[in-house]
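Grab a pencil and have a look at the model below. Then try the exercises before you read the worked solutions.

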Amino acid sequence: VTVGAVRERAPGERRVALVPEAVTLLRRAGLDVLIETGAGAGAWFTDAEYTDVGARVVPPEELYAHADVVLCVGPPDPETAQALRGGQTLIGLLEPLRHPALVQELYRRGVRPVSLDLLPRTLSRAQSMDALTSQAAVAGYKAAVLAADSYDRFFPMLTTAAGTMRPAQVLVLGAGVAGLQAIATARRLGAVVTAYDVRPESREEVESLGARFLDIKRPPGTESGAGQGGYARELSAAEQAAQREALDAHIARTDIVITTAQVPGRRPPLLVTAAAVETMKPGSVVVDLAASELGGNVEGSEPEKTVVLDNGVTVIGAGHLPSAMATAASTAYARNLVALLRHLVRDGELVLDPADEITAALMGEASLKGGASS
Ligand code: NAD
């Protein structure tokens with residue numbers, strides 16, 4: 001089996017699907033590895049480093065001509081999608097819920113899309129392949145570091161000759177993988193952290209990191225916010241309004257807000273209104289990890305933009321943080337791909353077995369159709 005990692009073409013994307021250490025592991029497993037020229041540059045990996053560990057660095061035409069499996073990070077641009085041929089397998093975070101047309105077009109042309117975003121999250125034997133988790137952990141860490149960097153006071157309590165400085169108050173909304181990593185990082189920097197999530201089971205995880213879990217009463221007669229597969233469900237408009245009202249008082253008292261709330265296939269929930277941001281003190285910082293073209297958790301946050309509002313609050317739209325730490329994110333992502341390829345390649349053949357729980361999930365629609373195998 002020949003696998004080929006492409007150069008990412010999305011604007012601002014610096015990650016790469018394979019790093020040199022992953023090439024070594026794949027070669028050891030008997031795979032041939034192609035890397036598109038310059039693919040690792042954004043994450044500080046040179047072509048020579050890939051060649052040294054036995055990959056062939058090739059121009060894109062050659063990669064598409066010879067790779068059985070094309071590896072990418074984000075969804076391919078139209079040109080890359082066009083270059084794929086029938087029988088080829090494409091593995092990446094293809095965001096099929098956001099770009100259904102892309103995936104359908106690939107199927108139509110006989111390309112087999114394997115979407116890492118469809119991995120069953122709670123299946124323990126799939127954990128090593130969980131790219132959403134590895135990337136979210138990077139984003140959560142970076143969000144806390146970014147917030148600390150943009151905040152003009154200390155995170156920790158400091159006792160100095162000039163007296164005592166109070167610690168920063170951090171509020172983390174959404175305590176999934178990214179939120180928990182943001183909590184852990186803010187705690188390590190010495191901040192006092194409060195966190196909230198609609199999934200009641202997250203309370204224990206929040207508290208085990210030394211943060212306080214914010215209790216928000218659910219409107220009478222409503223269910224818990226836990227949905228399917230460990231994800232949150234979308235709250236009704238009335239539930240969302242009640243949630244925002246309850247959060248407002250806490251937001252006014254906090255120095256840093258980091259939001260990470262997502263609901264699969266839906267617009268991210270709006271948790272922090274412009275009116276709530278208005279109530280924050282000058283110098284406060286808001287980091288919105290959900291900021292995207294669809295809107296984010298914070299009203300008025302803009303994707304990849306930092307805005308200092310008239311009231312002195314800095315709002316950072318930070319939906320692509322894994323790319324801002326491209327080396328760590330790529331290294332973790334490549335490890336996920338190696339684990340997945342080890343699962344899919346048997347006796348030197350790529351086997352896409354629809355009867356396998358992991359494969360069926362990753363192939364999404366294909367599994368519904370009965371799917372093509374090997
Ligand atoms: P995600 O990115 O889909 O969402 C982030 C967080 O936002 C979630 O915790 C979600 O509950 C929360 N959220 C959604 N709407 C909200 C709202 N209105 N207010 C507040 N919070 C809201 O989630 P994720 O980080 O990808 O994690 C998804 C699930 O997968 C979690 O249950 C996580 O524990 C689980 N998971 C399990 C494993 C494992 O078992 N090995 C590994 C990774 C993740």
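Here come four short exercises, each with its solution.

Before you start, note that this is a predicted model, in which local features need pLDDT of at least 70 and side-chain atom pairs count only at pLDDT 80 or more, while totals for chains, interfaces and linings use all residues. Residues are numbered from 1 along each chain as its sequence is written.

**Exercise 1. Work out how helix α1 packs on helix α12.**

Step 1: find the elements. Helix α1 covers residues 20-28 and helix α12 covers residues 326-344; helices (H or I, at least four residues) and strands (E, at least two) are DSSP runs, numbered from the N terminus.

Step 2: get the geometry. The two helices pack at an angle of about 10 degrees, and their axes are 9 Å apart. That makes α1 roughly parallel to α12, a label for angles under 35 degrees. Axes here are lines fitted to C-alpha atoms, for helices over the stretch in contact, and angles run from 0 to 180 degrees between N-to-C directions.

Step 3: list the residues. From α1 come A22, L25 and L26, which meet A334, R335, L337, V338 and L341 of α12 (contact: C-beta atoms, placed from the backbone, within 7 Å).

Step 4: sort them. The contact has 7 nonpolar, no polar and 1 charged residues (Ala, Val, Leu, Ile, Met, Phe, Trp, Tyr, Cys and Pro are nonpolar, Asp, Glu, Lys and Arg charged, the others, Gly among them, polar).

**Exercise 2. Describe the surroundings of strand β13.**

Step 1: check the faces. In β13 (residues 285-288), V285 and V287 on one side and V286 and D288 on the other are all buried, meaning 20 or more other C-beta atoms, placed from the backbone, lie within 10 Å of a residue's own.

Step 2: look at the partners. Strand β12 (residues 256-259) pairs with β13 in the parallel sense over 4 bridges, and V257 has V286 as its bridge partner. Strand β15 (residues 314-317) also pairs with β13 in the parallel sense over 4 bridges, with T314 as the bridge partner of V285. Pairing takes at least two DSSP bridges.

**Exercise 3. Is L84 buried or exposed?**

Step 1: place it. L84 sits in the loop between α4 (78-83) and β5 (89-92).

Step 2: count. L84 is buried because it has 22 C-beta neighbours inside 10 Å.

Step 3: name its contacts. Leaving aside neighbours within four places in sequence, L84 touches Y64, V70, L90, L106 and V111.

**Exercise 4. Which residues of the ligand shell are the closest?**

Step 1: of the 30 residues surrounding the ligand, the closest are G174, G176, G230, A232 and A261.

Step 2: sort the shell. It divides into 16 nonpolar, 10 polar and 4 charged residues.

Key. Angles under 35 degrees count as roughly parallel, over 145 as roughly antiparallel, 65 to 115 as roughly perpendicular and the rest as oblique. Two residues are in contact if their C-beta atoms, placed from the backbone, lie within 7 Å. A residue is buried if 20 or more other C-beta atoms lie within 10 Å of its own, exposed if 12 or fewer, and partly exposed in between; C-beta atoms are placed from the backbone. A residue is near a molecule or strand if its C-beta atom, placed from the backbone, lies within 6 Å of it.
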